[in-house]
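Work through the exercises below with the sequence and the model side by side. Each task is followed by its solution in steps.

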Amino acid sequence: MKQSAEPNEPHEDERSPHAPDPVPLPERAAEPTAEVEPLAEPVAEPVTQDEPVSEPAPIAQVEPVAEPVAEPEPVAEPAPVAEPEPVARTAPLPEVEPLVDDEAGVILEDGWDGANLVESTYGALTEGFEEREARLRESSSEAVGWAPYIAAVRAFREGRVAGDWESLARLLVAPGSLTSGDDVQIVETRDEDAAVRAAVQESLDAGQRALLLAPDQERAAELLRSMRDDVFALLIETRPAAPPAEPDGPTPRGEFGSNGTVEFRPLSFDDEGALDMTLPDLPNPAEPPREPEEWVRDAVVRPVAEAWRQSWETEARLLKRGLMWLEQWPRDAAALRAVQDENTRRRAELEAELAALTKEIEDAGAAEAAAEQGAVDAEAAAERLITVQDEAEAELAGPKAEAERRQAVADAAAADASDRTRDADAAQARCAELHARDTTAQAELQAARDLEASLTDELERAKEALPGVAAEAERLTAADADASGEGHAAYYRLVSAESALSAMKRKMTLGQRMHVASPPSGLSGMRAEVKARAREADEAARRAQEAKDAAEKAGRRHQELAAFVSDGGTRLAHAREAQERLGTELIWLASERESAAAAYQEQARLAAESVDKATQMSMEARVAQQAARAIEERVEAARVAREEALATAGRAKAAAEAAASHAVETRSALERRTAEAERELASRERDLETAVEAEARSRENVREICGADPVGDPELISTHQTRAMARIERLTAYLDGGAAADGAAEGLLRTADLVVGTPLGAGLTAAGEEFDTLIVADAGRLTDAELLVGAVRARRWILVGGAGPEEEDSPFARARAASLTWG
């Protein structure tokens, strides 16, 4: 048998979880996934799956194990695993002479016709499985059926095998033609468990992934319990674990009625009148499923042993530590930039400050020289201005006296103009007063005329209405007297009826009063009469009150009209007298207005002449004053200029002294600030070196985590953070027992070192996986199709058997029959 290829280096996606990658694995296109069921609390995380080699398997859920995640801390490397002692001897098939396949009649030598042998042998097997699958689907069963076996056999027939197809084909169709090698090992031993453990340990020591198949679920669980606890192992469990129970008792004949009794149908007779004893056709009861393929509905993948939990915790800690560095580097980079910017800014500020001090020293020297020269110039100007001031004071005497004389004349003329202006204003006020009185008198005269006309009209109408109003008042007074008499009469009738009722009640016996005996015959009629009299009295009182109110209102109206007629004549005489008085006053006002207007015109003329004279005198005085003021301004300007020159000389001397003192102080400050700046810049350089070291350290950590320099890729950190956080959430879900999610089984299968289950479970869950080694326990109990489910996915095949019962035509039995010696 041809030697197997050397073990491949572990792919990144197949890396063992005891060396976790700080970056989450990239997800792939989603395919049907299996369910992952934990040992303790369930947890879930979606993981996608590659395209499977075989037909798609039924979809299941994910339920991985969970436990709280610890804070990030250093994790020790796992201790080396001790190598178990071999408990069973495994030996490759011995080299044999070329054989002849009796069934196919083909000589198995170089260039053997293996493809035709495989096709002739397993083509019919595929058709048989497909027929059984079709019958199962016709019954609308939800069981998984024989699809995993069909896919495995078809993959084998088409040459889609992970290992050496020729070695696998020789094992199955011509085991006698196998030669010695490591691709196929046949182990016959009484201690199968020890042999299986040894084969598993050998695979793990070589850094390979193994698939361990057992004939049933109980045997798979038993083998897994015997493995070491530090192995990353998965147990594939099919569900349900047992077939459905068969119904007890015979099937009743006939249909049950509504009360749980057998329904009896009417008797029927044939054409000859004989009783028809034919029983109605009953449906055949469904046969209970007898094979797992007919009652298994799905499969779950369950992580086993503490290695998974330790691996997840370690990976989560490393990822969290990596996230801390990913968050730290931007802060260190920002701090470095801030220190650099601050150092640059501060250096510029210090240089500008020192340059300013140097410039200030130079300006102080120039200011001192300029101030000394200014003091000399100012003293010379002050001596020249003394002569100018004396000349201007001598020139001022004559113009000043003339300006005072002209001002006195202008003041006298202004006083006379003011007196005449007041007289003119008084005359104008008298004219305005007379005009206003004339307007008021005319308005009062018109009002008196309007009042006379109104009184005349109203008196005529009042005299006409007075007799009617008097007659109406007399009529209403008489009606009031009649209504009052009727009210008194109604009251007296009410009193009479009430008295009669009281007299009848006094005559009633005690029984009649207690309503025991019958009342007197006229009592109810008497009561009705009292009520009627009371209503009549109330109505009469109301009418009497209304008549009284109407009579009083008519009397008031009569009195008002009589009073208006009596007083109207007096008011009319007063209005006529007012008209005569106002007419006389208006004649007088017209004469007075003419006299006042003439007086106002004369006074206005005299006032205008006085104002013109005062204005002329004032202008002459102002001209004289302006001439004198110009000379005074020259005197004052000379005096002020002289004083300003003396003050300027003093200030210049003080400024020269201050500039000299300031130059000395500034030189001292420059020396002090230069030393301080040097110390500050040295301290800032040390801070910058610290920030550079911190940024370089964190950037190197980020480069190790991300595999690239974050400076060149701005999106690198955010992308890696997203992937790392997604991976942390997935691991936290595993450890904390979160909700199940599709796709987690693919991730667990990809990282497991050992997968244990039945052929049916492996076909359902590991459809897209490949393994380095297939280990078959109790190999004699597995058929060709069951063996192929795992064989097409492995590169090496180890068949262990010999201790228990086995199938007569199993691959293991055929291989053992073809072998000459066994270990």
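**Exercise 1.** Decide whether Leu 582 is buried or exposed, then place it and list its contacts.

Solution. Step 1: the relative accessibility of Leu 582 is 1%. Buried means under 20% relative accessible area, exposed over 50%, and partly exposed in between, with a 1.4 Å probe and protein chains only. Leu 582 therefore counts as buried.

Step 2: Leu 582 lies in helix 10. Helices are DSSP runs of H or I with at least four residues, strands are runs of E with at least two, and both are numbered from the N terminus.

Step 3: a contact means heavy atoms within 4.5 Å. Setting aside neighbours within four places in sequence, Leu 582 contacts Ala 441, Glu 444 and Leu 445. Gln 446 is 136 residues from Leu 582 in sequence, yet their C-alpha atoms are 9.7 Å apart.

Before going on, note the basis of the values. This is a predicted model in which local features need pLDDT of at least 70 and side-chain atom pairs count only at pLDDT 80 or more, while totals for chains, interfaces and linings use all residues. Residues are numbered from 1 along each chain as its sequence is written, and side-chain values use heavy atoms, with hydrogens and water left out.

**Exercise 2.** Determine how helix 8 and helix 10 pack.

Solution. Step 1: helix 8 spans residues 397-506 and helix 10 spans residues 523-706. Their axes are 1 Å apart, at an angle of about 175°. Axes are lines fitted to C-alpha atoms, for helices over the stretch in contact, and angles run from 0 to 180 degrees between N-to-C directions.

Step 2: angles under 35 degrees count as roughly parallel, over 145 as roughly antiparallel, 65 to 115 as roughly perpendicular and the rest as oblique. Helix 8 is therefore roughly antiparallel to helix 10.

**Exercise 3.** Which residues have the most contacts inside the largest nonpolar core?

Solution. Step 1: such a core is a set of buried Ala, Val, Leu, Ile, Met, Phe, Trp, Tyr and Cys residues joined through side-chain atoms within 4.5 Å.

Step 2: the largest has 73 residues, and Phe 156, Leu 168, Leu 774, Leu 788, Trp 797 and Leu 799 have the most contacts inside it. Helix 7 gives the most to this core, with eight residues.

Step 3: among the residues that Trp 797 touches are Val 161, Leu 168 and Leu 774.

**Exercise 4.** Where is Arg 346 found?

Solution. Arg 346 is in helix 7, residues 306-395. With a relative accessible area of 19%, Arg 346 is buried.
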